[in-house]
Amino acid sequence: MATSTFDTLLQKIETRAARAGIIGLGYVGLPLAMAVARSGFAVTGFDIDPGKMVALDARRSYIDAVSDEALSAEIDAGRFKATTDFAGLDECDVIIICVPTPLTKHRDPDLSFVEATSRSIAAHLRPGQLVVLESTTYPGTTDDVVKVILEGTGLKSGSDFFVGFSPEREDPGNQHYHTATIPKVVAGDGSEALALMKAFYGAAVSSVVPVSSNATAEAVKLTENIFRSVNIALVNELKTVYAAMGIDVWEVIDAAKTKPFGYMPFYPGPGLGGHCIPIDPFYLTWKSREYELPTRFIELAGEINSAMPRYVVGKLAEALDIRAGKALSRSRVLVLGLAYKKNVADIRESPSLRLIEIIEERGGHADYHDPFVAEIPPTREYQALKGRKSVPLTPDTIAGYDAVLVATDHDRVDYAALSKSAALIIDTRNVFNRLGLAAEHVIKA
């Protein structure tokens, strides 16, 4: 009796004889490649960026979650290699797509990277392969976009090859969880695809959470991010209301979180950053239009969070006027922290970039300091800021600015020394009060 493509691939996975190909070696793909390689699979990483290949060939990681030592260990063991040549997809039994899914200027999904990657896979598709999408997207993308492109080859999902979805759950800078210890939601196009997904990811991570369909798994990821977006928007709005009443929102939250049930603390900030929360919810708002259903909570949360950088700059301008008698248009401002969250180098969708842009739109001069980001790399939306360098955080440097705007509360900063040297501080993270450094010239925003 002939062995089916499913049986053959399942046996390869269970015996670690399968080779995995991971397309997109960024914040999701490279940590995943290391986790899969450590579990015993041979892994080929694919990326169109030759700069990443130079770094990987030199055994130098550009992702905080992957150390140089961990990278070298998998290369030395012969379990990991990287290339820009997609012809190597031929030899891969499991192919995982970890490419960007940004928004257009009109907040519509931009699936160009997913579509282009799917076409590259289709050019090398053969029977007995499992193709997985990990990129966050709207429900239906895996089946209606990826699968359709792959079936354009004449091969059929569920018999010749298999398709699945497993949402990424990376959290840069998290010291408690990493790729292999975060539960992995998995789904497949049919029962056999799901069985393959469970076998493959079950070998690489501590636990898998199977769901009934690819669309359900896609919705899981969106739900996780929408939950955070809506709750952060709520406290951002409360911040503005309570500030008008003379109430400190951080004090309110600290007291509220002592309730042992029915409450979970979220904190305000200068805006949202990272790939997930500022972008992913709008994938659902776009898809919901197909069903003529409004997504009022999601869109309102997006509006509130998007307005935060302008609100913060307004508070900065007000403080400069009242406390220094100086217009923002004639002021020099140091933005402290370029990364979107503390203790990482990740600047994706960082509100700090928007803060710098707004300050300069209003005629002010803005520099930044970030101990993790020496220079602003190319970005899609802020090309004019490319190449700007972090200024040193010395007493003389700080004294040369009319105000310091704390956008990211990195632990590597000496906030006591900063307080002594700065004439005015706008604190969007409550870091000075948290460290017992509250002072007259420190204004919360």
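**Helix α11 and the α1/α7 pair**

Reader: Which residues of α11 are buried?

Author: Pro281, Phe282, Tyr283, Thr285, Lys287 and Ser288. Buried means under 20% relative accessible area, with a 1.4 Å probe and protein chains only. Helices here are DSSP runs of H or I with at least four residues, numbered from the N terminus.

Reader: What am I looking at, source-wise?

Author: This is a predicted model, where local features need pLDDT of at least 70, side-chain atom pairs count only at pLDDT 80 or more, and totals for chains, interfaces and linings use all residues. Residues are numbered from 1 along each chain as its sequence is written, and side-chain values use heavy atoms, leaving out hydrogens and water.

Reader: Back to α11. Why is it called largely enclosed?

Author: Because six of the eight residues in α11 (residues 281-288) are buried.

Reader: What do those buried residues pack against?

Author: They pack against α8 (214-244), α10 (276-279) and α12 (296-324). Contact means heavy atoms within 4.5 Å.

Reader: New topic. How do the axes of α1 and α7 cross?

Author: At roughly 10 degrees, with the axes of α1 (residues 5-14) and α7 (residues 191-204) coming within 9 Å. The two helices are therefore roughly parallel to each other, a label for angles under 35 degrees. Axes are lines fitted to C-alpha atoms over the stretch in contact, and angles run from 0 to 180 degrees between N-to-C directions.

Reader: Which residues make the contact?

Author: From α1, Phe6, Leu9, Leu10 and Ile13; from α7, Glu192, Ala195, Leu196, Ala199 and Phe200.

Reader: How many of them are nonpolar, polar or charged?

Author: The contact of α1 with α7 has eight nonpolar residues, no polar ones and one charged.

Methods: Parallel < 35°, antiparallel > 145°, perpendicular 65-115°, else oblique. Nonpolar A, V, L, I, M, F, W, Y, C, P; charged D, E, K, R; others polar. Buried < 20%, exposed > 50% of the residue type's maximum accessible area, 1.4 Å probe, protein only.
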